[in-house]
Amino acid sequence: MKLNRILSFQFGIFFLVAMLLSCVSSVVFDHQFYLDLYERIHLAEREAISSSDLENSIFMMTDFVEGKRDDLNGTITWKNQVQPTFNTKEIRHMKDVRTLWQRAYWVMVISWILCILAAIGLLARNKLAGLYDLMQGLLDGLACFAVVLVFFGFWWFIDFTGFWTWFHTIVFPGNMDWLLDPATDFMIVICPEEMFSSMVFLIAKKLLAGLAPVAGLCILARKTLPIYLEVHDLETDKQLSV
(Lines give C-alpha, C1' and ligand atoms only; values in the text may rest on other atoms or scores of the structure.)
Protein backbone atom coordinates (compact mmCIF):
# COMPACT_ATOMS: atom_id res chain seq x y z
CA MET A 1 0.00 0.00 0.00
CA LYS A 2 1.10 3.57 -0.67
CA LEU A 3 0.98 4.60 3.01
CA ASN A 4 3.15 1.61 3.97
CA ARG A 5 5.72 2.65 1.40
CA ILE A 6 5.76 6.24 2.66
CA LEU A 7 6.14 5.15 6.29
CA SER A 8 8.83 2.67 5.31
CA PHE A 9 10.90 5.27 3.46
CA GLN A 10 10.34 7.81 6.24
CA PHE A 11 11.64 5.33 8.78
CA GLY A 12 14.77 4.59 6.75
CA ILE A 13 15.68 8.20 5.96
CA PHE A 14 15.05 9.63 9.42
CA PHE A 15 16.85 6.72 11.07
CA LEU A 16 19.97 7.47 9.02
CA VAL A 17 19.81 11.23 9.63
CA ALA A 18 19.43 10.63 13.37
CA MET A 19 22.29 8.13 13.38
CA LEU A 20 24.60 10.50 11.50
CA LEU A 21 23.95 13.44 13.81
CA SER A 22 24.27 11.22 16.87
CA CYS A 23 27.69 10.11 15.66
CA VAL A 24 28.67 13.73 15.02
CA SER A 25 27.67 14.65 18.57
CA SER A 26 29.54 11.70 20.10
CA VAL A 27 32.80 12.78 18.41
CA VAL A 28 32.65 16.58 18.39
CA PHE A 29 31.82 16.91 22.09
CA ASP A 30 34.14 14.18 23.32
CA HIS A 31 36.95 15.89 25.26
CA GLN A 32 39.11 12.79 25.10
CA PHE A 33 39.15 12.99 21.30
CA TYR A 34 40.99 16.32 21.48
CA LEU A 35 43.38 15.19 24.21
CA ASP A 36 44.38 12.15 22.17
CA LEU A 37 44.74 14.20 18.98
CA TYR A 38 46.89 16.90 20.55
CA GLU A 39 49.18 14.30 22.07
CA ARG A 40 49.43 12.38 18.81
CA ILE A 41 50.39 15.41 16.69
CA HIS A 42 52.46 17.05 19.49
CA LEU A 43 50.53 20.28 19.08
CA ALA A 44 51.71 21.92 22.31
CA GLU A 45 55.37 21.50 21.33
CA ARG A 46 54.71 22.42 17.72
CA GLU A 47 52.98 25.69 18.58
CA ALA A 48 55.04 26.49 21.70
CA ILE A 49 51.99 26.73 23.93
CA SER A 50 51.12 24.98 27.18
CA SER A 51 48.98 21.86 27.15
CA SER A 52 46.66 23.41 29.72
CA ASP A 53 45.98 26.42 27.48
CA LEU A 54 45.26 24.11 24.56
CA GLU A 55 42.92 21.92 26.55
CA ASN A 56 41.09 24.76 28.31
CA SER A 57 40.59 26.59 25.01
CA ILE A 58 39.17 23.67 23.03
CA PHE A 59 36.95 22.58 25.93
CA MET A 60 35.68 26.14 26.30
CA MET A 61 34.85 26.18 22.60
CA THR A 62 33.08 22.80 22.44
CA ASP A 63 31.17 23.44 25.68
CA PHE A 64 30.00 26.78 24.28
CA VAL A 65 28.76 25.16 21.07
CA GLU A 66 27.04 22.39 23.02
CA GLY A 67 25.33 24.95 25.24
CA LYS A 68 27.09 24.09 28.49
CA ARG A 69 28.44 27.62 28.87
CA ASP A 70 27.28 31.03 27.70
CA ASP A 71 30.53 32.81 26.89
CA LEU A 72 34.01 32.39 25.45
CA ASN A 73 35.82 34.50 28.02
CA GLY A 74 39.29 33.31 28.92
CA THR A 75 42.96 34.08 28.56
CA ILE A 76 45.98 32.30 27.10
CA THR A 77 49.69 32.85 26.81
CA TRP A 78 50.47 32.84 23.11
CA LYS A 79 53.58 34.20 21.43
CA ASN A 80 54.86 35.21 24.86
CA GLN A 81 51.85 37.43 25.50
CA VAL A 82 48.83 37.02 27.73
CA GLN A 83 45.73 37.72 25.65
CA PRO A 84 42.04 36.82 25.36
CA THR A 85 41.58 33.26 24.15
CA PHE A 86 39.40 34.30 21.22
CA ASN A 87 39.09 37.59 19.38
CA THR A 88 35.89 39.25 18.15
CA LYS A 89 35.92 37.52 14.76
CA GLU A 90 36.40 34.08 16.32
CA ILE A 91 33.60 34.67 18.81
CA ARG A 92 31.24 35.71 16.00
CA HIS A 93 32.11 32.54 14.13
CA MET A 94 31.54 30.34 17.16
CA LYS A 95 28.16 31.94 17.73
CA ASP A 96 27.28 30.92 14.17
CA VAL A 97 28.56 27.40 14.84
CA ARG A 98 26.52 27.22 18.04
CA THR A 99 23.37 28.26 16.16
CA LEU A 100 24.12 25.68 13.49
CA TRP A 101 24.54 22.90 16.06
CA GLN A 102 21.35 23.89 17.90
CA ARG A 103 19.44 23.47 14.65
CA ALA A 104 21.21 20.19 13.92
CA TYR A 105 20.43 18.97 17.44
CA TRP A 106 16.72 19.52 16.95
CA VAL A 107 16.88 17.87 13.54
CA MET A 108 18.44 14.86 15.30
CA VAL A 109 15.75 14.78 18.01
CA ILE A 110 12.88 15.21 15.56
CA SER A 111 14.38 12.57 13.25
CA TRP A 112 14.48 10.03 16.08
CA ILE A 113 10.86 10.87 16.96
CA LEU A 114 9.65 10.58 13.35
CA CYS A 115 11.63 7.37 12.94
CA ILE A 116 9.94 5.83 16.01
CA LEU A 117 6.49 7.05 14.95
CA ALA A 118 6.93 5.54 11.48
CA ALA A 119 7.96 2.22 13.03
CA ILE A 120 4.96 2.24 15.37
CA GLY A 121 2.65 3.10 12.49
CA LEU A 122 3.91 0.25 10.31
CA LEU A 123 3.81 -2.32 13.09
CA ALA A 124 0.34 -1.20 14.17
CA ARG A 125 -0.98 -1.47 10.60
CA ASN A 126 0.71 -4.68 9.54
CA LYS A 127 1.90 -6.50 12.67
CA LEU A 128 4.79 -8.82 11.70
CA ALA A 129 4.56 -7.82 8.06
CA GLY A 130 5.42 -4.32 9.21
CA LEU A 131 8.88 -5.58 10.16
CA TYR A 132 9.51 -6.40 6.52
CA ASP A 133 8.48 -2.86 5.55
CA LEU A 134 10.83 -1.43 8.18
CA MET A 135 13.74 -3.46 6.87
CA GLN A 136 12.94 -2.46 3.29
CA GLY A 137 12.85 1.20 4.31
CA LEU A 138 16.25 0.91 5.95
CA LEU A 139 17.74 -0.76 2.90
CA ASP A 140 16.32 1.93 0.61
CA GLY A 141 17.69 4.62 2.92
CA LEU A 142 21.06 2.89 3.11
CA ALA A 143 21.27 2.71 -0.68
CA CYS A 144 20.67 6.46 -0.99
CA PHE A 145 23.01 7.20 1.89
CA ALA A 146 25.77 4.99 0.47
CA VAL A 147 25.84 6.98 -2.77
CA VAL A 148 26.18 10.26 -0.86
CA LEU A 149 28.77 8.83 1.55
CA VAL A 150 30.93 7.42 -1.25
CA PHE A 151 30.83 10.71 -3.16
CA PHE A 152 31.80 12.91 -0.21
CA GLY A 153 34.18 10.29 1.17
CA PHE A 154 36.08 10.22 -2.10
CA TRP A 155 36.17 14.03 -2.20
CA TRP A 156 37.41 14.14 1.40
CA PHE A 157 40.15 11.62 0.56
CA ILE A 158 41.53 13.35 -2.53
CA ASP A 159 41.02 17.01 -1.52
CA PHE A 160 40.11 17.53 2.12
CA THR A 161 40.85 21.28 2.02
CA GLY A 162 38.56 21.76 -0.96
CA PHE A 163 35.83 19.69 0.68
CA TRP A 164 36.10 21.60 3.95
CA THR A 165 36.03 24.98 2.18
CA TRP A 166 32.92 23.97 0.22
CA PHE A 167 31.24 22.77 3.41
CA HIS A 168 31.79 26.11 5.14
CA THR A 169 30.51 28.12 2.18
CA ILE A 170 27.33 26.02 2.23
CA VAL A 171 26.60 26.19 5.98
CA PHE A 172 27.79 29.80 6.38
CA PRO A 173 26.65 31.47 3.14
CA GLY A 174 27.87 35.04 2.72
CA ASN A 175 29.80 34.86 6.00
CA MET A 176 33.60 34.75 5.86
CA ASP A 177 34.30 34.73 9.62
CA TRP A 178 35.36 31.10 9.28
CA LEU A 179 38.41 32.17 7.25
CA LEU A 180 40.98 32.43 10.02
CA ASP A 181 44.53 33.78 10.00
CA PRO A 182 47.09 31.59 11.82
CA ALA A 183 49.10 34.73 12.60
CA THR A 184 46.30 36.40 14.58
CA ASP A 185 43.55 33.84 15.29
CA PHE A 186 44.27 31.34 18.03
CA MET A 187 41.30 29.19 17.05
CA ILE A 188 43.15 27.93 13.99
CA VAL A 189 45.93 26.74 16.30
CA ILE A 190 43.63 24.58 18.42
CA CYS A 191 41.70 23.44 15.33
CA PRO A 192 44.39 22.28 12.89
CA GLU A 193 43.50 20.51 9.67
CA GLU A 194 44.48 17.20 11.27
CA MET A 195 41.66 17.68 13.76
CA PHE A 196 38.97 18.05 11.12
CA SER A 197 40.22 15.19 8.96
CA SER A 198 40.45 12.93 12.02
CA MET A 199 37.00 14.05 13.11
CA VAL A 200 35.40 13.26 9.76
CA PHE A 201 37.15 9.88 9.63
CA LEU A 202 36.04 8.94 13.16
CA ILE A 203 32.44 10.02 12.53
CA ALA A 204 32.34 7.92 9.36
CA LYS A 205 33.93 4.99 11.20
CA LYS A 206 31.36 5.13 14.01
CA LEU A 207 28.51 5.50 11.56
CA LEU A 208 29.60 2.53 9.47
CA ALA A 209 30.16 0.45 12.61
CA GLY A 210 26.61 1.19 13.67
CA LEU A 211 25.04 0.68 10.26
CA ALA A 212 26.86 -2.55 9.32
CA PRO A 213 24.93 -4.80 11.76
CA VAL A 214 21.71 -2.96 10.90
CA ALA A 215 22.26 -3.64 7.20
CA GLY A 216 23.02 -7.29 7.97
CA LEU A 217 19.83 -7.59 10.00
CA CYS A 218 17.84 -6.00 7.18
CA ILE A 219 19.18 -8.45 4.60
CA LEU A 220 18.50 -11.41 6.91
CA ALA A 221 14.99 -10.18 7.68
CA ARG A 222 14.17 -9.69 4.02
CA LYS A 223 15.10 -13.31 3.34
CA THR A 224 13.44 -14.93 6.34
CA LEU A 225 10.37 -12.83 7.10
CA PRO A 226 8.49 -13.55 3.83
CA ILE A 227 8.97 -17.29 4.43
CA TYR A 228 7.81 -17.02 8.03
CA LEU A 229 4.83 -14.87 7.11
CA GLU A 230 3.82 -17.27 4.33
CA VAL A 231 3.94 -20.23 6.72
CA HIS A 232 2.07 -18.21 9.35
CA ASP A 233 -0.69 -17.30 6.85
CA LEU A 234 -1.05 -20.94 5.78
CA GLU A 235 -1.40 -22.08 9.37
CA THR A 236 -3.95 -19.36 10.03
CA ASP A 237 -5.98 -20.40 6.97
CA LYS A 238 -5.92 -24.00 8.12
CA GLN A 239 -7.19 -23.06 11.56
CA LEU A 240 -9.98 -20.99 10.07
CA SER A 241 -11.05 -23.79 7.76
CA VAL A 242 -11.32 -26.35 10.57
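Helices here are DSSP runs of H or I with at least four residues, numbered from the N terminus. I keep that in mind throughout.

**Setting up.** I am reading a predicted model, where local features need pLDDT of at least 70, side-chain atom pairs count only at pLDDT 80 or more, and totals for chains, interfaces and linings use all residues. Residues are numbered from 1 along each chain as its sequence is written, and side-chain values use heavy atoms, with hydrogens and water left out.

**Entry 1: D53.** I found D53 in helix α4, residues 51–66. D53 is buried, meaning under 20% relative accessible area (1.4 Å probe, protein chains only); exposed is over 50%, and partly exposed lies in between. What is the nearest side chain of opposite charge to D53? I looked up R69, which is 12 Å away, and D53 has no salt bridge. For charge, Lys and Arg count as positive and Asp and Glu as negative; His and the chain ends are not counted. A salt bridge needs a side-chain nitrogen of Lys or Arg within 4 Å of a carboxyl oxygen of Asp or Glu. I then listed what D53 touches (heavy atoms within 4.5 Å). Leaving out residues up to four places away in sequence, these are T75, I76 and T77.

**Entry 2: salt bridges.** I noted four salt bridges in the structure. One of them joins E194 and R46, with the closest N and O atoms 2.9 Å apart. This pair links distant parts of the chain: E194 sits in helix α9 (residues 193–241) and R46 in helix α3 (residues 43–47), 148 residues apart. E194 is partly exposed at 29% relative accessible area, and R46 is partly exposed at 42%. R69 came up again: its side chain meets that of D71 in a salt bridge of 2.7 Å, N to O. K68 pairs with E66 at 3.5 Å between the closest N and O atoms. K68 is exposed, at 61%.

**Entry 3: helix α2.** Helix α2 covers residues 31–41, and I see F33, Y34, L37, Y38 and I41 buried there. They lie on the same side of α2 because they cover an arc of only 125° around the axis, judged by directions from the helix axis to the C-beta atoms. On the other side, E39 and R40 are exposed. Just after α2, H42 has a positive phi of about 55°.

**Entry 4: I58.** Not counting neighbours within four places in sequence, I58 is in contact with Y34, Y38, I190, C191 and M195. So two of the buried α2 residues, Y34 and Y38, turn up here again.
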